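Got a minute to poke at a model together? Have a look at the structure first, and then we'll talk it through.

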Amino acid sequence: MINAAVYVRISSDVTGEGLGVARQEADCRALAEAKAWTVMEVYRDNDTSAYSGTRRPGYERLLTDIEAGTVRAVVAWHGDRLHRSPKELERFIDLAERTGLRVETVKAGTIDLSSASGRAVARTLGAWARFESEHKSDRIRRKLTDNAAAGLPHGGMRPFGWEADRRTIRESEAAVLREAYARVLAGEPIRALVRDFNARGLLNASGRPWRHPTLREVLLHARHAGLRTHNGTVVGDADWPELVAPESWRALTRVLNDPARVTTPGRAGRLNLLSGIATCAVCGASLRVGHSRGVRAYRCTLNGCVSRTRDLLEQFVTNVMVARLSRPDALSLLAPGDDGGARREAEGAAERVRQRLDDAAASFAAGNLTTRQLEVITSQLKPELAALEAAAAPPADRSTVLGKLVSTDNVARVWESTPPDVRRAAIALLMEIKVGRARRGPGFDPDTVFIDWR
Ligand SMILES: [Zn+2]
């Protein structure tokens, strides 16, 4: 049997809000019982009383008894009940190390003060507690953390797609968001969507026309996938419904954060049709437009292996595209062979990896893993997760990009009136373009441009 002490403190700081000593004590006693520890005594302090000042007679007596060896374990509701400052924490750590004291908390689990990582956790918790007590009036932040943990929404302006209660979907706006997700995943740039939305008179949550950064930010918001974030990190499932599938949201964040994504027009304001889409058949690098002897040309960005006059290559690809879309079976392009089973399998595997990452973080917080062990686990699982998430991404919604092009009997004319970035999206969706070394001689040799249909 281990002789344990329960320590409770009522205070005026915000972390103690609404949490009475009785509740703290009951929780601590239950925890001690679960550990098969014998509670010898409950030490109490009341920081709120005017005459107690900053001294804590209960805490001081507890330290004396630990030193004397009559107390071998301490149960507290949270680390911040025990220590109010880093100085107090260091004194406690020193004492715990000397006496082999065991510490359990109801809210923060085991605080293993005998290990470096456990002490690091205790210090982190302590730093947080100090921040809180130094900002007693700053209840908002505390509230946000509580809300984040409970899956409740943050306050603030109404998010687009949601009612003012922040948990009810506003269907008229949700439809716009779902369309935007589908189009971006099909390869359309945000800029094209902004133009289209404003042409249709759609307004953002502030009742203003859309702008590129606003729409991008709105689409990246995890809340649409029913996920809760805190300080930019997803912390768990929210208590509101999903407006889009989490797989779609994850796929979109990958697309928008992909550095290879080219959406800015060149200096002349002209979008190069094949930049970042066509690749070098020799080394696999992407092609970009540059000047070559006074002519604009696509060039291998890595080694300069290949080069093609821009206008000739674009004209060739456009001809191939229009010819393909003009075929009687063009509609079949909207429904490519889709292996939904493999996608679901990848999503299941991704979920299991996410669970393992969560478990590792929890083990670390509980002091069962060192920082180094956590790093090793994380660095192994993160790439695995990224690959699985990519495999789980839903297929691009082709009809949003190709719909008009495959339902006309004059593809060439519709192609001409299609905005450049939608053309790019259509090409990226359907074609894999590899450019090989050109044969010597004048003119454009289409035999060294390899187009595969996706
Ligand atoms: Zn190359």
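Below is a short run of questions and answers on this structure, which is a predicted model.

Q: How many helices and strands are there in the chain?
A: Let's start with the overall picture. The chain has 454 residues, and 43% of them count as buried. Its accessible surface comes to about 23500 Å², with 52% of that belonging to carbon and sulfur atoms. As for the elements, the count is 16 helices and 13 strands.

Q: Among contacts in the chain with a separation of 6 or more, what share comes from residues 24 or more positions apart?
A: This one is about how far along the sequence the contact partners sit. Taking the contacts with a separation of 6 or more, the part from residues 24 or more positions apart is 61%.

Q: Which residues coordinate the zinc ion?
A: Look for sulfur here, since the donor atoms are all listed as SG, at 2.2 to 2.3 Å. Along the chain the donors follow the spacing C-x2-C-x16-C-x4-C. The residues are C280, C283, C300 and C305.

Q: What is the geometry of the zinc ion's site?
A: There are 4 donor atoms, and the angles among them run from 98 to 117°. Four donors count as tetrahedral if all angles lie between 85 and 135 degrees. For reference, the ideal angle for four tetrahedral donors is 109.5 degrees. So the label for this site, going by that cut-off, is tetrahedral.

Q: How many residues apart in sequence are the parts that C283 and C305 tie together?
A: C283 sits in the loop between β8 (279–280) and β9 (287–292), while C305 is in the loop between β10 (295–300) and β11 (307–309). C283 is partly exposed at 30% relative accessibility, and C305 is buried at 18%. Because the two cysteines lie in those two loops, the pair ties together parts whose separation in sequence is 22 residues.

Q: Are α8 and α9 roughly parallel or roughly perpendicular to each other?
A: Two packed helices are described by the angle between their axes and the distance between the axes. Helix α8 (residues 190–199) and helix α9 (residues 212–220) pack with their axes 9 Å apart, at an angle of about 110°. Angles of 65 to 115 degrees fall in one class, so α8 and α9 come out as roughly perpendicular.

Q: Which residues in α9 are met by I190, R191, L193, V194 and F197 in α8?
A: This is the residue-level view of that helix pair. On the α9 side, the partners are H212, L215, R216 and L219.

Q: Is E88 buried or exposed?
A: E88 is found in helix α4. Leaving out residues up to four places away in sequence, it touches R56, Y59, L82 and H83. Its relative accessibility is 16%, and the cut-off is under 20%, so E88 counts as buried.

Q: What is the C-alpha to C-alpha distance between H83 and Y59?
A: H83 lies in the loop between α3 (79–82) and α4, and it is buried, with a relative accessible area of 10%. With residues up to four places away set aside, H83 touches R56, Y59, E88, L89 and F92. H83 and Y59 are 24 residues apart in sequence, and in space their C-alpha atoms are separated by 9.2 Å.

Q: Which residues does E173 touch, not counting residues up to four places away in sequence?
A: E173 lies in helix α7 (residues 171–185). At 9% relative accessibility, E173 counts as buried. Its contacts are R158, F160, G161 and W162.

Q: What is the phi of R166?
A: Most residues other than glycine have a negative phi. A36, in the loop between α1 (21–34) and β2 (37–46), has a positive phi of about 60° although it is not a glycine, and A36 is partly exposed at 47% relative accessibility. R166 lies in the loop between α6 (139–150) and α7 and counts as buried at 12%. R166 also has a positive phi, near 65°.

Conventions:
Residues numbered from 1 in each chain as written. Predicted model: local features only at pLDDT ≥ 70, side-chain atom pairs only at ≥ 80, totals over all residues. Heavy atoms only, no water. Donors = N, O, S within 2.8 Å, 3.2 Å for Na, K, Ca; no water. Tetrahedral: all angles 85-135°; square planar, octahedral: opposite > 155°, others 65-115°. Helix = DSSP H or I, 4+ residues; strand = E, 2+ residues; numbered from the N terminus. Buried < 20%, exposed > 50% of the residue type's maximum accessible area, 1.4 Å probe, protein only. Contact = heavy atoms within 4.5 Å. Areas by Shrake-Rupley, 256 points an atom, 1.4 Å probe, with all protein chains shown as cover. Axes fitted to C-alpha atoms, helices over the stretch in contact; angles between N-to-C directions. Parallel < 35°, antiparallel > 145°, perpendicular 65-115°, else oblique.
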